[in-house]
Amino acid sequence: MVQPAAEGPPRLLNPSLFLAYSAYYIFPTIYDLIVSFNFKPFFSIDEFKDAWFARFWVFFGPKSRESAAPKVMPLLQNSARGVCLDIGPGTGQWLYLFARANNKDITKIYGVEPNRGMHAELRQNAVAAGLGDIYEIVGCGAEELDTKGGIQKGSIDTIITVQCLCSVPTPEKIIKNLYPMLKPGGRWLVYEHIKTKHQGEFVGYWQSKYCCI
Ligand SMILES: C[S@@+](CC[C@H](N)C(=O)[O-])C[C@H]1O[C@@H](n2cnc3c(N)ncnc32)[C@H](O)[C@@H]1O
């Protein structure tokens, strides 16, 4: 069982704990790939990393949802409308918030998820939320939307990015590429989580110097 994140000075250990958990998940990843006779990721670092992150996120995603929910729920509930771009949905653990009953104005959702290891669970969660007929998985990165993804500029009513830009190596570039996808008057619902509240300490200094936040 995962312990709650430490507070006070021991919180400096939290990033190490996170890294330890993610490192540990290399073993279940290898096991799952072998027992499912899926050997291809052993020959591609990118494919292996995707399989590893997907396996880790099945475990860690719900923990992150617990701590983010108080802010993400009011942000997403009843806010999306029209044609939506759900960027980096992962396993789709927030899709229940788009359930038809509460979001009658959503007509289509493109789930833009480059990690194919997450697609099966993403599809299951879309169906569970009653979105099976309007949720389409687009298997490319946000930076490839108008090329590989086939999404036209100016065609989107709502963009959703939840805990996603932290995973992208070039967030500034992606933000610039995403804005033109919106129709005039379109909305972008954003939740990111990485700016430390402990400004004036080492982590705050590191983030302001080296991270795009
Ligand atoms: C930390 S996970 C969060 C997943 C989900 N938003 C959630 O809150 O559970 C970040 C997600 O962003 C995706 N991602 C990484 N690079 C991306 C890119 N260039 N375009 C779109 N999604 C990307 C990852 O595959 C992953 O699913």
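Colleague: How many salt bridges does the count come to in this structure?

Modeller: The model is a predicted one, and by the distance rule the count in it comes to 9 salt bridges.

Colleague: What makes the contact of Lys49 with Asp46 a salt bridge?

Modeller: The rule asks for a side-chain nitrogen of Lys or Arg within 4 Å of a carboxyl oxygen of Asp or Glu. In this pair the closest N and O atoms are 4.0 Å apart, and therefore the contact of Lys49 with Asp46 is counted as a salt bridge.

Colleague: Where do Lys49 and Asp46 lie?

Modeller: Both residues belong to helix α3, where they are 3 residues apart, which is about one turn of the helix.

Colleague: Which element gives the most to the lining of the second largest pocket?

Modeller: That element is α3, which contributes 6 residues to a lining of 21 residues, with Asn38, Ala51, Asn115, Arg116 and Gly117 nearest the centre of the pocket. The elements giving two or more residues to this lining are α2 (26-35), α3 (45-76) and α4 (119-128). The space in the pocket is about 440 Å³, and its lining residues divide into 8 nonpolar, 6 polar and 7 charged.

Colleague: Why is the approach of Trp94 to the ligand called a polar contact?

Modeller: A polar contact needs a pair of N or O atoms within 3.5 Å. A polar side-chain atom of Trp94 lies 3.0 Å from an oxygen atom of the ligand, and so this pair meets the cut-off. With Ala142, a polar backbone atom is 2.9 Å from a nitrogen atom of the ligand, while for Val162 the distance from a polar backbone atom to a ligand nitrogen is 2.7 Å, so these two pairs also count as polar contacts.

Colleague: How do you know that the protein buries the ligand?

Modeller: Taken alone, the ligand exposes 590 Å², and the protein buries 92% of that area.

Colleague: What classes of residue are found in the shell around the ligand?

Modeller: The shell has 13 nonpolar, 7 polar and 2 charged residues. In total 22 residues surround the ligand, and the closest of them are Gly88, Gln93, Glu113, Ala142 and Val162.

Methods
Residues are numbered from 1 along each chain as its sequence is written. This is a predicted model: local features need pLDDT of at least 70, side-chain atom pairs count only at pLDDT 80 or more; totals for chains, interfaces and linings use all residues. Side-chain values use heavy atoms; hydrogens and water are left out. On a 1 Å grid over the protein atoms alone, a cavity is a set of points where a 1.4 Å probe fits but cannot get out, and a pocket is an open set with protein on both sides within 12 Å along at least five of seven lines; lining residues have an atom within 4 Å of a point. Grid points are joined across faces, edges and corners, and a volume is the space filled by probe spheres set on the points. Helices (H or I, at least four residues) and strands (E, at least two) are DSSP runs, numbered from the N terminus. Ala, Val, Leu, Ile, Met, Phe, Trp, Tyr, Cys and Pro count as nonpolar, Asp, Glu, Lys and Arg as charged, and the others, Gly among them, as polar. A residue is near a molecule or strand if one of its heavy atoms lies within 4 Å of it. A polar contact is a pair of N or O atoms within 3.5 Å; within protein, one must be able to donate a hydrogen and the other to accept it, and residues adjacent in sequence count only if both atoms are side-chain atoms. Accessible areas come from the Shrake-Rupley method with a 1.4 Å probe; for residues, only the protein chains shown count as cover.
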